[in-house]
Amino acid sequence: MSAPVQTLRMVIQAWHYDHVGHLNAGLYMQWLGDAAFSLLAEHGLDGESARRLGVNMAAVRTEIDFRRELKAGDTVAMETELVELAPKRATFRHRLTRLGDGAVAMEAMLMTVCLDLVTRRAVPIPAAVSESLAALLARPSDGNMTQFQT
């Protein structure tokens, strides 16, 4: 498990809300993907590299725990950790925190596989990306973020 890295920072907007009056759950999914892609870009798999290599990471499993409600105007930050790296798979743990009071608003696990963009099949993560991600696992974690429930 790697140490958390800040992968997103944003202000919650009024248009983020659904007809029930709280943040649309689909936005959380978008933010999880954005956070994972942000971390991957730092380790050699940005958009240009993905197109050149013909691969990218695709979500295959997501588990989200909503902890606190967020309001328009709240500033939040997403921290991301790499918790597992396998030849064709990477699993990320995310935590969204409200910066004003430090309240954890959401915790999630996102399992991804390396997808061949032509065949749409799982393939090994490119060696340079895998090696860079593996170096993250050497950094200690605080161990306080959620894990997939079995």
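Is proline 126 buried or exposed? Keep that one in mind while we walk through the model, which is a predicted one.

Let's start with the whole chain. The protein chain has three helices and five strands. Follow the sequence from its start and they come in the order β-α-α-β-β-β-β-α. With a radius of gyration of 16 Å, close to the 15 Å that the globule rule gives for 150 residues, the chain is as compact as a globular protein of that length. If you draw a box around the C-alpha atoms along the principal axes, it comes to roughly 40 × 35 × 30 Å.

Next, look at how the chain meets itself. Take the contacts with a separation of 6 or more: 71% of them are between residues 24 or more positions apart. Of the 150 residues, 45% are buried. On the outside, the accessible surface is about 7,800 Å², and carbon and sulfur atoms account for 51% of that. As for charge, there are 15 positive and 17 negative side chains, and the centres of the two sets sit 4 Å apart.

Now for the inside. In soluble globular proteins, nonpolar side chains tend to be buried together. Here, the largest nonpolar core holds 33 residues, and Trp31, Leu70, Met78 and Leu96 are the ones that touch the most other members. Two or more residues come from each of strand S1 (5–11), helix H1 (25–42), S2, S3, strand S4 (89–98), strand S5 (104–116) and helix H3 (127–136). H1 gives the most, with eight residues.

Leucine 70 is a good place to stop. You'll find it in the loop between strand S2 (55–66) and strand S3 (75–86). It may be in a loop, but leucine 70 counts as buried because its relative accessible area is 1%, and buried means under 20%. Setting aside neighbours within four places in sequence, leucine 70 is in contact with Ile12, Tyr17, Leu23, Tyr28, Val76, Leu96, Arg98 and Ala105. For a sense of distance, try alanine 25: it is 45 residues from leucine 70 in sequence, and the two C-alpha atoms are 12 Å apart.

One of those partners, leucine 96, has its own set of contacts. Not counting residues up to four places away in sequence, leucine 96 touches Met10, Tyr28, Trp31, Leu70, Val76, Ala77, Met78, Ala103, Val104, Ala105 and Met106. So that you can link the two, note that Tyr28, Val76 and Ala105 turn up in the list for leucine 70 and again in the list for leucine 96.

Over in helix H1 you'll meet leucine 32. This residue is buried too, at 1% relative accessibility. Beyond its neighbours within four places in sequence, leucine 32 is in contact with Thr62, Ile64, Met78, His94, Met106, Ala108 and Leu110. Alanine 108 is 76 residues away from leucine 32 along the sequence, yet their C-alpha atoms are 8.0 Å apart in space.

Now head for the loop between S5 and H3, where arginine 120 is found. Arginine 120 counts as exposed, since its relative accessibility is 52% and the cut-off for exposed is over 50%. Its backbone is worth a look as well: phi is near 65 degrees, a positive value in a residue other than glycine.

Proline 126 sits in the loop between S5 and H3 as well, and here is the answer to the opening question. At 17% relative accessibility, proline 126 counts as buried, because the limit is under 20%. Leaving out neighbours within four places in sequence, its contacts are Leu53, Val55 and Cys114. Arginine 9 is 117 residues from proline 126 along the chain, and their C-alpha atoms are separated by 28 Å.

Finish in helix H3, with glutamate 131. Glutamate 131 is exposed, with a relative accessible area of 57%. From glutamate 131 to alanine 36 is 95 residues in sequence and 17 Å in space, C-alpha to C-alpha.

How values were computed
Residues numbered from 1 in each chain as written. Predicted model: local features only at pLDDT ≥ 70, side-chain atom pairs only at ≥ 80, totals over all residues. Heavy atoms only, no water. Helix = DSSP H or I, 4+ residues; strand = E, 2+ residues; numbered from the N terminus. Buried < 20%, exposed > 50% of the residue type's maximum accessible area, 1.4 Å probe, protein only. Contact = heavy atoms within 4.5 Å. Rg over C-alpha atoms; globule rule 2.2 N^0.38 Å. Areas by Shrake-Rupley, 256 points an atom, 1.4 Å probe, with all protein chains shown as cover. Lys, Arg positive; Asp, Glu negative; His and termini not counted. Charge placed at Lys NZ, Arg CZ, Asp CG, Glu CD. Core = buried A, V, L, I, M, F, W, Y, C linked by side-chain atoms within 4.5 Å.
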